[in-house]
Amino acid sequence: MPDGNAVRSMFAGISSRYDSANRILSGGSDIYWRRVLVRKVAARNPADIADLATGSGDVAFALKRGLGDGVKIRGYDFCAEMLDEARHKQSGGKGNGGIEFAIGDCLNLPIADESLDALTIAFGLRNLEDRARGLSEMARVLRPGGALHVLEFSQPYRWFRPVYYAYLRHILPHLARLATGNRSAYDYLVGSIESFPERDALAEEIKSAGKFSEVSAKPLTFGIVAIHTAVK
Ligand SMILES: C[S@@+](CC[C@H](N)C(=O)[O-])C[C@H]1O[C@@H](n2cnc3c(N)ncnc32)[C@H](O)[C@@H]1O
C-alpha cells in the first residue's frame, strides 16, 4: 500500500490542476459517478455526513446540492493544499455554502465515536497507507445503522479489460502529463488502479476490517469504478 507522506505531497503538487485533470482523464464520467453516489446516500436519508479524502470537495458539493440545507456535511482530507482548493471553490460557488472543510487523516479521524449517519469516500480508499485501519476508523465513527459509501476504481468487466488497460498504460500518462505537467503522479494512479482488489474481494475486506453487517457493490461504466455500500 502507498506511503502516506508520499501520497500527501503528490496531491499537494497537483492540487491546482486536480479538477481539470479529472474531467479530461475520465472524459467527464466522474461527474456522473458522483451523481450516482449522491443518489445512493440520499436513499438512506442521513442527517449528518462526512466526506472523507474530500480533496477539492466535489463529492461534498454534490451532496450539498443533492440533499439540501437540512443535512450537515463536513469534508476531511489530510492534504492542506487540496482543502484550500475546496474552500476556494466554496467561496466562489453558488449553493456550495455551509460545508465545513477540515484536516482529517482517515487513519485517525478527528470524529467522535458513533456520531455520523453516513460517510462517503471517493477515490480515497485506494490511496490509504493502511486500508484495514481506515475501514475500522470509518466503522468507529458511524452510528449503528449508518452507511459507508465507497466510490473507487475497480476491475472492469473481462471483455473490456484489454481496451481499458491499453488506455491506462499508453494514453492516460500522456494526457496526464499534458493536463498536470506531472506524469509521475499518474504513473502512480495507473499502478494503484491495476493492483486494486476486485469488487467481491473488496466487499469482504470492508466487512472484515470494519464492523459492517452487509456490503453491496454497484459497478458503473463497464466496472471501471464501483460504489460499495456497507451498513454498520
Ligand atoms: C484522488 S483524490 C480524491 C478527492 C475527491 N474525493 C474526489 O472525488 O475528487 C484522493 C484524496 O485522498 C486524500 N487522502 C489520501 N490519503 C488520505 C488519508 N489517509 N487521510 C485523508 N485524506 C487522504 C488525498 O489528499 C487526496 O485529496
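**A walk from the ligand shell outward**

By class, the residues around the ligand divide into 12 nonpolar, five polar and four charged. Keep in mind on this tour that you are looking at a predicted model.

**Stop 1: the ligand.** Select the ligand and show its surroundings: the shell holds 21 residues. Which of them are the closest? Label Ala53, Gly55, Phe78, Cys79 and Ala122, and you have them. Now colour the shell by secondary structure. Helix H1, residues 4-14, gives the largest share, with four residues. H4 is also a contributor: H1 and H4 each supply at least two residues of the shell.

**Stop 2: helix H4.** From the ligand, move on to H4 by selecting residues 58-67. Is this helix mostly covered or mostly open? Mostly covered, as seven of its 10 residues are buried. To see them, show Asp58, Val59, Ala60, Phe61, Ala62, Leu63 and Lys64 as sticks. Here is a general point to hold while you rotate the view: an α-helix has 3.6 residues a turn, so residues three or four places apart point the same way.

What lies over the buried residues of H4? Bring up helix H3 (29-42) together with strands S1 (48-52), S2 (72-77) and S4 (116-122), which are among the elements that cover them. Before leaving, step just past the end of H4 to Gly68, where phi is positive at about 85°.

**Stop 3: the hairpin of S6 and S7.** Next, select residues 214-220 for strand S6 and 225-231 for strand S7. The two strands pair in the antiparallel sense, and seven bridges join them. For one of these pairings, pick Pro219 and look across to S7, where Ala226 is its bridge partner. Four residues lie between the strands of this hairpin, and Thr221 has a positive phi near 50°.

**Stop 4: the whole protein.** Finally, zoom out and switch to cartoon. There are nine helices and seven strands in the protein. With a radius of gyration of 17 Å, close to the 17 Å that the globule rule gives for 232 residues, the protein is as compact as a globular protein of that length. If you draw the principal axes, the C-alpha trace spans about 45 × 40 × 30 Å along them.

Two last things to colour by are burial and contacts. Buried residues make up 39% of the 232 in the protein. As for contacts between residues at least 6 apart in sequence, 73% join residues at least 24 apart.

How values were computed
Residues numbered from 1 in each chain as written. Predicted model: local features only at pLDDT ≥ 70, side-chain atom pairs only at ≥ 80, totals over all residues. Pairing = 2+ DSSP bridges. Buried ≥ 20, exposed ≤ 12 C-beta atoms within 10 Å, placed from the backbone. Contact = placed C-beta atoms within 7 Å. Rg over C-alpha atoms; globule rule 2.2 N^0.38 Å. Near = placed C-beta within 6 Å. Nonpolar A, V, L, I, M, F, W, Y, C, P; charged D, E, K, R; others polar.
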